[in-house]
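The following exercises are to be worked with the sequence and the structure at hand. Each task is followed by a solution in steps.

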Amino acid sequence: MKKGCHVRGLPPRLGKDAPAILSVYAAPSDPIEPEQTLMKRILLPAASLALALAALPAAASGDAENGKALFYTCTGCHGIEDYKNAYPTYRVPKVGGQNEAYLVAALAAYKKGERKHPTMQAQAESFSDQEIADIAAYLSSVKKQK
Ligand code: HEC
């Protein structure tokens, strides 16, 4: 259950690869009609890149105070005091001190059903995007412990 759970739900890293992708498309090779060349090699890749970037989670500013209140119901499983779960036999990921964008992405994925887990989907579905941002702001502000 724990395995890989810090990787799932993360957006693809575009930053470093983007110029390489673009230059592959833009590289002059076989002769095509000029208008086609512009459309196919520059505009289309640029448009899909822009779409991909827009799909990245926006760095919404969350209200940590509200997030703290909302997280109250979560502490039964994600025991925040020592960032371990409340039940020794029930493994739950550590969410305190996590990266804010990661938390937003994880909760949004549960909400959309892209990431499947009955309890977490039910939890996330009850929140608005703003409330998810608030929770992420609170959790990421909690100091990390071992
Ligand atoms: C009944 C126990 C339970 C409750 C209550 C619960 N969670 Fe979870 N949570 C889990 C489990 C189990 C997972 C791991 C599920 C999986 O494998 O995807 C998880 C996963 C997560 C993750 C993803 C962590 C990661 O490392 O990817 C986040 C974020 C999260 N929970 C936040 C919350 C928030 C916020 C609440 C309260 C609104 C909450 N949880 C309530 C059990 C719970």
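**Exercise 1.** Determine what share of the residues in the protein is buried, and state how many helices and strands the protein has.

*Solution.* In this predicted model, the protein has 146 residues, of which 17% are buried. Its secondary structure consists of 6 helices and 0 strands. The order along the sequence is accordingly written α-α-α-α-α-α. Among contacts with a separation of 6 or more, 70% join residues 24 or more positions apart.

**Exercise 2.** Locate T73 and decide whether T73 is buried or exposed.

*Solution.* Begin with the position: T73 belongs to the loop that links helix 3 (64-70) to helix 4 (100-112). Next, count the neighbours: 11 C-beta atoms lie inside 10 Å of T73. A residue with 12 or fewer is classed as exposed, and T73 is therefore exposed. Finally, consider Q123, which is 50 residues from T73 in sequence; the C-alpha to C-alpha distance between the two is 9.3 Å.

**Exercise 3.** Describe the shell around the ligand and explain why the ligand lies between domain 1 and domain 2.

*Solution.* First, list the residues: the ligand has 21 around it, and those that come nearest are C74, C77, P93, A106 and H117. Second, sort the shell by character, which gives 13 nonpolar, 7 polar and 1 charged. Third, assign elements: at least two residues of the shell come from helix 4, and at least two from helix 5 (118-125). Fourth, consider the domains: because domain 1 (1-56) and domain 2 (64-141) both contribute residues to the shell, the ligand lies between them.

Conventions
Residues numbered from 1 in each chain as written. Predicted model: local features only at pLDDT ≥ 70, side-chain atom pairs only at ≥ 80, totals over all residues. Helix = DSSP H or I, 4+ residues; strand = E, 2+ residues; numbered from the N terminus. Buried ≥ 20, exposed ≤ 12 C-beta atoms within 10 Å, placed from the backbone. Contact = placed C-beta atoms within 7 Å. Near = placed C-beta within 6 Å. Nonpolar A, V, L, I, M, F, W, Y, C, P; charged D, E, K, R; others polar. Domains from an automatic or database assignment.
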